[in-house]
Every structure is written in structure tokens, then in C-alpha cells.
Amino acid sequence: MNVKMPDFNVKKLVKEAGSTLSRVVQLTEEKLGTSEKTEFDSHFENLCERAECTKNWTEKLVRNTEAVLIPNPGNRVEDFIFEKIEKKKPNRLSNLEYLGLDMIEAGGEFGQDGAYGSTLIKVGQAEQKLGQCERDFIGSAGMCYTQPLKKFLEGEMKTILKEKGILETKRLDLDACKNRVRKARSMLGQQTAEQDLRIAQSEFDRQGEITKLLLEGISTSQSSHLRHLHSFVEVQVRYFNQCVEIMNGLQRELASLGGPNPYVPVGLPDEKSNNDANGSDGGGSSMKRARVLCSYDASGSTELNLTANEVIFVSECNPPNPDYMYGKQGLLKGLVPRAFLEMLDD
């Protein structure tokens with residue numbers, strides 16, 4: 001049986017080997033300081049530095065964001081493998097959802113009619129909701145932020161690095177040709193070397209323009225990254241608002257069951273919150289806790305809406321009002337009717 005041998009272009013192989021050897025010699029001589037090196041202009045060098053800085057920080061931001069979204073390193077490795085083999089990632093439950101399932105199961109074992117068992121079930125259901133919100137947040141954050149940044153690194157940035165590598169090769173070829181022109185001893189040898197130099201200079205200039213255009217595109221990429229960052233913040237705000245809403249609802253529900261601790265609305269403290277906690281509304285009036293006896297719909301913008309069994313801070317109006325008190329409900333402030341309040345502090 002005749003075996004067909006692959007065709008080799010010997011001349012091409014020899015030429016490529018010679019070019020590679022010439023580049024190695026040129027690079028070595030540059031390192032030793034025995035050969036001149038073509039330098040890029042300051043604008044080009046600044047573009048290269050900015051591209052390198054963008055690459056390094058984008059890689060770090062992606063790693064840190066993924067570590068926040070998926071703290072378990074094993075899960076991150078698993079997701080990376082599924083991504084590389086282009087298969088759908090596993091739809092795993094979050095730790096909050098596992099906790100919620102255990103609480104619901106424990107509540108069933110302890111008895112739904114008992115206070116502890118029924119409360120465990122309600123808390124477990126809230127934990128499940130939090131876990132679902134967390135999973136939705138992770139997915140949304142990946143789509144709007146980390147995935148576009150990774151796409152930039154694996155696409156545009158890889159292209160820039162590839163073209164920079166080609167430019168460096170062209171630069172070595174150009175400098176090697178310059179050395180041959182300087183070392184040429186015969187007229188014929190000098191003509192041949194000069195012709196090679198013109199070709200090398202043309203290829204170097206062309207590759208330099210290509211690389212420069214790609215490097216200048218980094219500004220456009222950073223503008224896109226800015227939009228992705230804004231989207232990430234919006235997703236994060238929505239996620240935390242959902243969590244606060246779920247926990248406020250849970251606290252109200254537990255308070256309606258007559259739990260050991262009164263309901264206090266969850267909210268971010270303002271600059272006077274420390275004064276409130278110490279019994280002051282910031283204006284010198286003493287604030288005390290009061291339980292809302294039944295729900296109340298505000299009749300105007302100066303009043304607060306009240307929910308039965310919630311606990312708020314109140315103080316006397318200035319000047320005193322026989323029908324109303326000044327109330328603080330989380331971040332909200334306004335008038336509340338005395339008839340709807342039961343004072344908890346003397």
C-alpha cells in the first residue's frame with residue numbers, strides 16, 4: 001500500500017526558520033545593548049500602558065465580583081467548566097433556600113399549631129424567598145456586568161494582544177534589516193538589504209496603524225463598561241430593596257402573632273438615628289416607643305400611614321396637640337393620631 005507523504009515547502013520552512021533565528025539574534029543583541037531598537041512614540045506607549053492597565057483591572061474586577069456573587073470556590077470552578085464546554089450551568093439551590101427548606105421541615109415536625117413550629121415555617125418561607133431573590137440577582141448581575149467584561153477580555157483584549165505581538169515581530173524584523181544594511185559590505189548585498197528594509201518598514205508601519213486603532217478603541221470599551229457598571233448598581237439596589245421588603249413583611253407577620261419582640265421597621269438610619277436610639281428626635285424632644293393599636297391611613301401628606309402592631313417612636317408636638325403626636329417610622333416622619341397609639345415607655 002502506497003502511503004502519501006505530506007508535501008513540505010522546503011524553501012518556505014528554511015525562510016521561516018531564518019526569520020525566527022534573525023529575530024532571536026536581534027532580541028539578544030538588544031538585551032546586550034549591542035544593537036539599536038526602534039522606539040515607539042510617546043502617544044503609542046501611553047495607549048499601550050492604558051490597555052495593559054484596563055486589562056489587569058478588568059480581570060481583577062471580574063474575579064472579585066464573581067467571588068462576591070458565588071462565594072463557594074468549588075461552584076465557581078464548576079461554572080467555569082460548564083461555560084468552557086458550552087453546557088448549561090447546574091440550577092443549584094442557594095444556602096438560604098436550603099436553610100428555608102430545613103426550617104419548614106422542622107416546623108412541620110414540631111407542629112404547625114405550636115408557636116415555635118408555625119414561626120419556623122413562616123421564617124423558612126421568607127428565607128426561601130430571599131434565596132430566590134439572591135439567585136435572580138446573581139443571574140442578572142452576571143448578564144449585565146461580569147459576562148460583558150469577560151467577553152471584552154476574551155475578544156477585544158485578546159485581539160489587541162495578538163496584534164501587539166505581531167507588531168513586535170515586525171519591529172524585530174525591521175531592526176534586523178537595519179543591521180544588515182549597516183553590515184553589508186558589497187554593493188549588491190547593500191541593495192538587497194535596503195530592499196528588504198523597505199519591505200520591513202512598510203509592514204511595520206501598516207501593523208503599527210492597525211494596533212494603534214485597536215488601542216484607541218479602549219476608550220469606547222471603557223464607556224461600555226461604565227454602562228455595565230450602572231446596570232450592576234441598579235440590579236443590586238433592586239435586590240436589596242426586595243430583601244428589605246421580604247423581611248419587613250416577615251416582621252409584621254411575626255408581630256401579629258404576638259411574638260416576644262415588637263416589630264420595628266427595617267430601614268437605613270439617617271444622620272439622626274443615633275439620637276433617636278438614645279431617646280431624642282434631634283430637636284431636643286424626648287422620643288418614646290408606642291405600639292399601633294390598629295391600621296390607619298394618612299389623611300394628608302403631613303401624617304403617617306400606620307400598620308397594626310408595629311412599633312414607632314413618638315414625641316409631643318411643638319406646640320402640643322391634644323389629638324396628634326409627632327412620629328418617626330423608619331425614615332419617615334409625620335403626625336400620628338393619639339387614639340391609635342399605646343405607649344410602651346413611661
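Reader: Why is N309 called partly exposed?

Author: This is a predicted model. In it, N309 has a relative accessible area of 26%. Buried means under 20%, and exposed means over 50%. The value of 26% falls in between, so N309 is partly exposed.

Reader: What makes the phi of N309 worth listing, and where does N309 lie?

Author: Phi is near 75°. That is a positive value in a residue other than glycine. N309 lies in the loop between β1 and β2.

Reader: How do you know that β1 and β2 pair?

Author: Pairing takes at least two bridges between two strands. Strand β1, residues 288-292, and strand β2, residues 311-315, have four. Therefore they count as paired. The sense is antiparallel. A290 stands opposite I312 in β2.

Reader: What makes β1 and β5 a pair?

Author: Three bridges join β1 to β5, residues 341-343. The cut-off is at least two, so this is a pair as well. These strands run antiparallel. R291 stands opposite E342 in β5.

Reader: Why is the bond between N318 and P319 called cis, and where is P319 found?

Author: Omega is about 5° for the peptide bond that joins N318 and P319, and this bond is listed as cis. P319 is found in the loop between β2 and β3, the latter being 324-329.

Reader: How many helices and strands are there, and in what order do they run?

Author: The protein has eight helices and five strands. From the N terminus on, the order is α-α-α-α-α-α-α-α-β-β-β-β-β.

Reader: What share of the residues is buried?

Author: Of the 346 residues, 29% are buried. Each of those has under 20% relative accessible area.

Note on methods:
Residues are numbered from 1 along each chain as its sequence is written. This is a predicted model: local features need pLDDT of at least 70, side-chain atom pairs count only at pLDDT 80 or more; totals for chains, interfaces and linings use all residues. Side-chain values use heavy atoms; hydrogens and water are left out. Buried means under 20% relative accessible area, exposed over 50%, partly exposed in between (1.4 Å probe, protein chains only).
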